[in-house]
Amino acid sequence: MSQTWWRGAAIYQVYLRSFADGNGDGIGDLAGLRSRLPYLKDLGIDAIWLNPWYPSPMADGGYDVADYRGIEPVFGTLAEAETFIEEAHELDIKVIIDVVPNHSSTASTWFQEALTDRGARDRFWFRDEPNDWQSIFGGPAWTQVADGQWYLHLFAPEQPDFNWDNPEVHREFEDVLRFWFERGVDGFRIDSAALLFKSDTSYEDLDEVHEVYRRWREVADEYGDRVLIGEVWLPDQERFTRYLRPDELHTAFNFDFLACPWEPAELRRVIDLTLTTHAPVGAPPTWVLSNHDVTRPVTRYGRADTAFAHGGRLHGVPSDPELGHRRARAAALLAMALPGSVYVYQGEELGLPEVEDLPDDQRQDPMYHRSGGTNRGRDGCRVPLPWAGDEPPFGFGGSSTWLPQPEGWRKVTAEAQSADLGSMLNLYRTALAHRRDLLGDGTLTWLTMGPDVLAFTRESGLTCVSNLGAAPVPLPPGRVLLTSGPLEDGALPSDTTVWLTSLA
């Protein structure tokens, strides 16, 4: 794989707790992931991105990191992580891991030291008086300690924010990067990448953060063929792409596309804006339909309002499963055909719906608890995967799972879908195989086929057409390579995408 593999890669996101359980305790782990590497190879992905696997009290699903140089014992050991990296590389699969630089855990050595020694508090944001900032998870962003001072946590109270004005924090994270690069990790996804620095009035996208990523880029370049990927939620695309300048991050998540409604004009606007803002900095776009924080596409696309926003997750709003499934298939082919890299969140390839009826006493997301239950949280997209069989835990491992699986998932297991040529799983397998040969990095040329149709060609000669209108549309010239749904008398139906190759 070339030194710019990340420019057009298909990257599969593994939420380790919910992927596969190898030791039977109902929680996903490295043993389970290693056992499923052949599945991922067969799926056709180029890289795996793992959510945090570090030691953690799990106050926020592992994003409260207690030790950046270890592995959470529930998941396995450091030696097993190193073996996993080796085994993935043997299958020509790259490994990307999360790093969480904005905040730590109250269980970390540094924070425990700060509680007893005021001289150690400069690594975090301690103040004698809090301001009025609110936590992203709800409630105040400040918690008081025993001696009367307050510490900042933009997320849960168990996640104290680092003070990036302290050079010691810079040195610590540069060392963490080297620790994992030397163990073969191919890149990092940087959590909450725009939040590191704070002023008296703001904590988002301050200019000083760019110096951090310039330095991180120097570290990554020392190891060659490594990638830095930013989680950057910004409404301003121009400021967003500042993170992608040639001496900073390689790529960043495209949340505008992820949150975009299934509407042709809005999708065209977001795609055009993405391409035009990425071009000047020479960075490849990324295309993301879902992740561990957002409503699953099959559910979202079945609603009248198909957009996504964290503050309005629309739990319980009626969703047409058949419509959502059809649109999710069409959206998958559209995303995979666009120039750049594409992300697949585990279970997306199975067409899993959002699980909205989890019992309240089993919900674990701090968003749910901090909001007093008004925000139902993100657990519904984190339910453990169904692999095989007719009843829970559907081959996940053990006798039960850390979040309960719906009984109806017997129809969407990987085993059941492997035997169905028309399944979502086989659509993804076929599309990713074609994508490796015909798509990825590059540019596109738009075709004009009416206001409800998104159509473009790629350098390989592949044409992608997505019909978001109510009536079927005739196909442009070319041989049909793949469709997200059946054609109607040779025409492309509503909510369907087709890939065509040139007649030559």
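**Strands, helices and a few odd backbone spots**

Strands β1 (residues 10–14) and β2 run parallel and are joined by four bridges. One of these pairings can be read off directly in this predicted model: Y12 has I48 of β2 as its bridge partner. On to the next neighbour: β2 and β3 also run parallel, again with four bridges between them, and here A47 is partnered by K94 of β3. The connection from β2 to β3 takes in a helix, with β2, α3 and β3 making up a right-handed β-α-β unit. Strand β2 (residues 47–50) is covered on both faces. A47 and W49 are buried on one side, and I48 and L50 are buried on the other.

A second sheet is built with the other kind of pairing. It is open, has three strands in the order β4-β6-β5, and is antiparallel. The edges are β4 and β5 (142–144), each of which pairs on one side only. Two bridges hold β4 and β6 together in their antiparallel run, and F126 finds its bridge partner in Y151 of β6. Strands in a sheet pair through backbone hydrogen bonds, and that can happen either way round, parallel or antiparallel.

Helix α4 sits against this second sheet as well as against a neighbouring helix: its buried residues pack against β4 (126–127), β6 and α5. Those buried residues of α4 are W110, F111 and A114. They lie on the same side of α4, because the arc they cover around the axis is only 95°. T109 and T116, on the other side of α4, are exposed. In an α-helix there are 3.6 residues a turn, so residues three or four places apart point the same way.

Now for α5, and the residue just ahead of it. N166 belongs to the loop between β6 (150–152) and α5 (167–181). The N-terminal end of α5 is capped by N166, with a side-chain oxygen of N166 lying 2.8 Å from the backbone nitrogen of E168. N166 has a relative accessible area of 9%, so it counts as buried, the cut-off being under 20%. Leaving aside residues up to four places away in sequence, N166 touches D122 and R123.

The helix itself has the length one would expect. With 15 residues at 1.5 Å a residue, α5 should span 21 Å, and its end C-alpha atoms are 21 Å apart, which agrees. Its buried residues are V169, F173, E174, V176, L177, F179, W180 and F181. They pack against quite a list of partners: α3 (78–90), β3 (94–99), α4 (109–116), β7 (187–190) and α6 (209–223). Two elements on that list, α3 and β3, also belong to the right-handed unit with β2.

That leaves a few backbone oddities. Most residues other than glycine have a negative phi, and most peptide bonds are trans. S192, in the loop between β7 and α6, has a positive phi near 45°. D489, in the loop between β16 (479–483) and β17 (491–492), also has a positive phi, near 55°. Their surroundings contrast: S192 is buried, with a relative accessible area of 9%, whereas D489 is exposed, at 86%. Finally, P392 and P393 are joined by a cis peptide bond, with omega about 10°. P393 is in the loop between α12 (366–370) and α13 (414–418).

Terms used. Residues are numbered from 1 along each chain as its sequence is written. This is a predicted model: local features need pLDDT of at least 70, side-chain atom pairs count only at pLDDT 80 or more; totals for chains, interfaces and linings use all residues. Side-chain values use heavy atoms; hydrogens and water are left out. Buried means under 20% relative accessible area, exposed over 50%, partly exposed in between (1.4 Å probe, protein chains only). Contact means heavy atoms within 4.5 Å. The expected span of a helix is 1.5 Å times one less than its number of residues. A polar contact is a pair of N or O atoms within 3.5 Å; within protein, one must be able to donate a hydrogen and the other to accept it, and residues adjacent in sequence count only if both atoms are side-chain atoms. The arc is that of the directions from the helix axis to the C-beta atoms. Two strands pair if DSSP finds at least two bridges between them. A crossover is right-handed if, with the strands pointing away from the viewer, the path from the first strand over the helix to the second runs clockwise.
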